[in-house]
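Hi,

Here is the structure I said I would pass on. Have a look at it first, and then read my notes underneath.

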Amino acid sequence: MPTIVEIADLKKLAQKRVPKMFFDYADSGSWTESTYRANESDFQKIMLRQRVAVDMTNRNLKTQLVGQNISMPVAIAPTGLAGMQHADGEMLAAQACEEAGIPYTLSTMSICSIEDVAAATSQPFWFQLYVMKDRGFVNSLIDRAKAAGCSALVLTFDLQILGQRHKDIRNQLSAPPRLTPKHLLQMATRPGWCLKMAGTKRHDFRNIVGHAPGVTDLSSLGAWTAEQFDPKLSWEDIEWIKERWGGPLILKGILDPDDAAIAAQSGADALIVSNHGGRQLDGARSSIQALPSIVDKVGDQIEIHLDGGIRSGQDVLKALCMGAKGVYIGRPYLYGLGALGKPGVSKVLEIIRNELDITMALCGERDVTQLGLHNIDPASEFIK
Ligand SMILES: Cc1cc2nc3c(=O)[nH]c(=O)nc-3n(C[C@H](O)[C@H](O)[C@H](O)COP(=O)(O)O)c2cc1C
């Protein structure tokens, strides 16, 4: 077992343990993947101010997101098919989050269902909603999330239509996987993964199959998404969703200040500055580059969160300094899950917490809620 000190170590391990089609599903962006890459690399363009001889005892990472107490300003982003990175992946990751005191967001396109995750945890988790053409089915998803005690609804606004990921097409991605010679070979070279998968019955989209009328099998995610996701989704839809849900509502996928202005008036409690991890509009800005103009425009009107490209506690701190109240991590948790299952997710959270804590101290700060632009070197890019 290699020594694990940073997220990149878990990524390497996941690549060895997860069949290629599912590792690639996580490690990919749309088209040229330029926005996917920029999400990560733009964090390097932000420099921190080092301060010395400041009392660094009694540091605090606790804060609140949408009024809920959390142990650090980090949540897990919703990701489809997490249960294909590791058997029962969503249940295990939600348990790791519960132990770490941070929110787990379950995707509509998960392998484990809302009910599976509720049965595996004792604290509320968050649910991410995709709006489909069949509003009856959307209503039933909202009702199931309520019944399971979910404590926030994350409404994804940037996937009315699917951006193309070349790797998924080449890999003929599906869940459960196809049993062609190519796919069988990919799985046969990952015996640990196969063994765990053989031990669970959770192999397809359990929020959907058997719940959406007429859906008994979901062999092609791309085709189903193209057919079912509602390309007419609009700002007006927020009202009925909010009314039916009745709890904290978070709008995910805002990248433009003009959209942020509408989101701030929409009745949502928070917005997530996000480009879907570079998986939708390739060529769009990185999330961290988009953040300052959105904070300028609506920072005093709505809680602002961010996801995309966070690979360390230092990245978390930079986003907080630039005005995000909290961040979400997508791929890092999938790498932890694929590498080591639940202990891998716990390791990711431990690495990020530790890096955030030490970096905060070296910036001369003791309270995560007090970070701000004063901690960023003004010579950094994206800083006015
Ligand atoms: C494999 C994968 C699957 C995803 N599935 C969903 C999803 O089902 N719903 C959603 O709103 N976002 C989804 N996303 C986007 C994430 O919620 C998040 O915006 C993105 O992963 C953040 O970037 P990061 O991976 O660099 O942390 C997915 C991302 C990845 C990598």
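Which residues of helix H12 (residues 257-265) are buried? Keep in mind that this is a predicted model. The answer is Ala260, Ala263 and Ala264. Looking down the axis of H12, you'll find these buried residues inside an arc of 100 degrees, so they line one face of the helix. That fits the usual helix arithmetic: with 3.6 residues a turn, residues three or four places apart point the same way.

What sits over that buried side? The cover includes strand S7 (249-254), strand S8 (270-273) and helix H13 (287-298). Flip to the face of H12 turned away from the buried side and you get the exposed residues Asp258 and Gln265. Just after H12 there's also Gly267, which has a positive phi of about 95 degrees.

The other thing I looked at is a helix pair, H1 (residues 7-17) and H15 (residues 331-340). Their axes come within 7 Å and cross at roughly 50 degrees, so H1 and H15 are oblique to each other. The crossing of H1 past H15 is left-handed. On the H1 side, the contact is made by Ile7, Leu10, Lys11, Leu13, Ala14 and Arg17. H15 brings Pro332, Tyr335, Gly336, Gly338 and Ala339 to the contact. By type, the residues where H1 meets H15 are 7 nonpolar, 2 polar and 2 charged.

That's it from me for now.

Cheers

Conventions:
Residues are numbered from 1 along each chain as its sequence is written. This is a predicted model: local features need pLDDT of at least 70, side-chain atom pairs count only at pLDDT 80 or more; totals for chains, interfaces and linings use all residues. Axes are lines fitted to C-alpha atoms, for helices over the stretch in contact, and angles run from 0 to 180 degrees between N-to-C directions. Helices (H or I, at least four residues) and strands (E, at least two) are DSSP runs, numbered from the N terminus. Angles under 35 degrees count as roughly parallel, over 145 as roughly antiparallel, 65 to 115 as roughly perpendicular and the rest as oblique. A crossing is left-handed if the near helix is turned anticlockwise from the far one by less than a right angle, and right-handed if clockwise. Two residues are in contact if their C-beta atoms, placed from the backbone, lie within 7 Å. Ala, Val, Leu, Ile, Met, Phe, Trp, Tyr, Cys and Pro count as nonpolar, Asp, Glu, Lys and Arg as charged, and the others, Gly among them, as polar. A residue is buried if 20 or more other C-beta atoms lie within 10 Å of its own, exposed if 12 or fewer, and partly exposed in between; C-beta atoms are placed from the backbone. The arc is that of the directions from the helix axis to the C-beta atoms.
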